[in-house]
Amino acid sequence: MRITVKSLIGFFLILIFYAGYQGGKYFMNNRFQEVGLVLTFILYFYGAVFTAFTDRTIHWAWWFWSAPLFAGYVMISSSLAFAMNAGVGMTPSLFATREFLIVFLAPALYFLYRLGFSLQQLEKIFIASLVIIIFNYLLNYYRIDLEAAYFSTGYMSYLVTYDEWRGYRLKPPTFALLILTGCGLMRLFQPSAVLKKTGWLLVLALVGYVWFLIMARSQMATLAMAMILYPALFSKPNRMNLFILIAPLGVMALIAVSDILVDGFMHAEGAEVRAKSYIIAWETAMKLPVFGYGQSSGYSKTYQDIFGPKFFPDDLGLVGITFKYGFIGLVLYVFFNFYVTVRLLKVNWHYRRRYGMHNPVIWALFILMTALSMNLVLNPGLAYMQGLTTAAFSLAITACYYEELGLRPGAKKR
């Protein structure tokens with residue numbers, strides 16, 4: 001059997017998405033993540049070299065330099081800040097931020113599109129990878145002794161959670177679940193062959209079983225709310241007027257119930273620990289407002305060594321982002337959260353107007369971003385590997401659709 005360059009690239013992309021959505025975190029201490037990053041670099045440089053020699057209309061400099069400049073800023077500034085604030089070497093913290101290198105996936109995918117990969121091919125590979133990740137989760141769910149892993153002292157103990165109601169649960173690939181749920185539901189409502197509908201019913205059954213296992217009520221409720229809001233506020237451009245009208249009312253309602261929310265927060269289990277962590281993070285951010293405290297590393301000093309054994313800034317939402325990356329990092333995060341969301345919404349509108357139907361992948365990504373935006377303050381998911389992979393894919397796929405749909409006349413595909 002002859003292996004073509006295109007089929008090899010497709011295989012590389014499956015491995016990259018598998019690594020990006022944390023499919024490899026259940027074995028070998030997530031070392032498979034490095035494989036995904038290496039393959040991302042290979043495709044990035046492959047696409048950059050060939051488009052530089054063959055494509056005269058591409059904005060090559062922008063696509064080549066944007067990813068290294070962004071990743072370089074986050075990685076260097078956060079590792080240097082931690083080195084200066086904690087009095088340790090910079091190198092361990094630099095390696096601790098390596099997941100930001102997955103942003104190179106955005107230009108890599110765009111370069112591949114300019115070299116002849118169709119959007120349909122990229123979307124099929126993306127969805128197939130997510131299905132593989134769900135199968136992978138179920139395999140590891142029943143392979144791993146969850147109770148033993150929970151009480152272990154190693155890496156696996158961080159991957160298992162426990163409460164009296166739900167028991168021991170293996171942390172799932174949440175973004176893959178959310179995207180497949182949205183995409184599968186949209187596929188069922190669109191006309192297609194019986195075989196395809198049957199396939200998507202099986203995918204949804206598989207995803208539903210995982211939701212049943214993890215019982216993530218808040219995530220399911222947020223996803224459902226995002227789907228409910230879509231037809232009322234975002235399905236057509238003129239619906240945005242209603243969104244603009246009710247947005248201030250929503251803010252006022254949030255302020256009105258803030259006392260109730262704070263009271264519930266302060267009396268919930270573990271509230272004292274969380275409140276203390278929030279105070280530490282905010283006071284530290286006020287002292288180091290530009291670059292924050294930086295990114296810790298288990299190979300030098302951890303946040304727990306410095307601020308106490310129960311201090312985990314990754315659990316503190318936007319306050320944690322500000323603590324780690326400063327107010328510059330906070331602004332960058334909020335900007336890219338809404339930038340990606342708006343791009344997906346714009347492509348969704350134009351695709352529907354052109355073809356008379358939704359693109360299930362674009363729609364599912366927009367629903368995901370809506371759900372993330374609704375929970376923005378408490379859960380800045382785009383700052384971590386699964387979110388970074390989603391943002392990179394979204395930026396690339398919307399850039400490709402901008403050209404496919406004629407939204408960017410100055411950059412026609414060859």
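This report looks at how some helices pack in a predicted model, and then at a few single residues.

The model is predicted, so local features need pLDDT of at least 70 and side-chain atom pairs count only at pLDDT 80 or more, while totals for chains, interfaces and linings use all residues. Residues are numbered from 1 along each chain as its sequence is written, and side-chain values use heavy atoms, with hydrogens and water left out.

## Helix 15 and its partners

Helices here are DSSP runs (H or I, at least four residues), numbered from the N terminus. Helix 15 covers residues 317-355. The table gives its packing with three other helices. Axes are lines fitted to C-alpha atoms over the stretch in contact, and angles run from 0 to 180 degrees between N-to-C directions.

| Pair | Angle | Axis distance |
|---|---|---|
| Helix 15 and helix 16 | about 145 degrees | 9 Å |
| Helix 3 and helix 15 | roughly 150 degrees | within 11 Å |
| Helix 15 and helix 17 | about 40 degrees | 10 Å |

Start with helix 16, residues 360-374. Helix 15 passes helix 16 in a left-handed crossing. Left-handed means that the near helix is turned anticlockwise from the far one by less than a right angle. Residues on the helix 15 side of the contact include Phe338, Val340, Leu344 and Val347. On the helix 16 side, Trp363, Phe366 and Met369 are among them. Contact means heavy atoms within 4.5 Å. By class, this contact has 11 nonpolar, four polar and no charged residues. Ala, Val, Leu, Ile, Met, Phe, Trp, Tyr, Cys and Pro count as nonpolar; Asp, Glu, Lys and Arg count as charged; the others, Gly among them, are polar.

Next comes helix 3, residues 60-86. Its axis crosses that of helix 15 at roughly 150 degrees, and therefore helix 3 is roughly antiparallel to helix 15. Roughly antiparallel means an angle over 145 degrees. The crossing of helix 3 and helix 15 is left-handed. Phe70, Tyr73, Val74 and Ser78 of helix 3 meet Tyr325, Ile328, Leu332 and Phe336 of helix 15. Seven of these residues are nonpolar, one is polar and none is charged.

The third partner is helix 17, residues 385-404. Helix 15 crosses helix 17 in a left-handed manner. From helix 15, the contact includes Arg343, Lys346, Tyr351 and Arg354. From helix 17, it includes Ala391, Leu395, Tyr402 and Glu404. Which classes of residue make up the contact of helix 15 with helix 17? There are 10 nonpolar, two polar and four charged residues.

## Buried residues

Thr390 lies in helix 17. Is Thr390 buried or exposed? Thr390 is buried, with a relative accessible area of 0%. Buried means under 20% relative accessible area, exposed means over 50%, and partly exposed lies in between (1.4 Å probe, protein chains only). The side chain of Thr390 makes a polar contact with the side chain of Tyr21, at 2.8 Å. A polar contact is a pair of N or O atoms within 3.5 Å; within protein, one must be able to donate a hydrogen and the other to accept it, and residues adjacent in sequence count only if both atoms are side-chain atoms. Leaving out residues up to four places away in sequence, Thr390 touches Tyr21, Phe175, Ile179, Leu365 and Leu368.

Ser235 sits in the loop between helix 10 (217-234) and helix 11 (240-256). Ser235 is buried, at 8% relative accessibility. Its side chain reaches the backbone oxygen of Pro231 at 3.2 Å. Outside its neighbours within four places in sequence, Ser235 is in contact with Tyr230, Trp349 and Arg352. Ser235 and Arg352 are 117 residues apart along the chain, yet their C-alpha atoms are separated by 9.5 Å.

Phe117 is also in a loop, between helix 5 (105-114) and helix 6 (119-143). Phe117 is buried, with a relative accessible area of 5%. The C-alpha atoms of Phe117 and Lys6 are separated by 8.1 Å, with these positions 111 residues apart along the chain counted as their separation.

## Two residues with positive phi

Most residues other than glycine have a negative phi. Asn29 has a positive phi of about 50 degrees, although it is not a glycine. For Asn30, phi is near 65 degrees, again a positive value. Asn29 lies in the loop between helix 1 (5-20) and helix 2 (32-54), and Asn30 is placed in the loop between helix 1 and helix 2. Asn29 is partly exposed, at 43% relative accessibility, whereas Asn30 is buried, at 10%.

Conventions: Helices (H or I, at least four residues) and strands (E, at least two) are DSSP runs, numbered from the N terminus. Angles under 35 degrees count as roughly parallel, over 145 as roughly antiparallel, 65 to 115 as roughly perpendicular and the rest as oblique.
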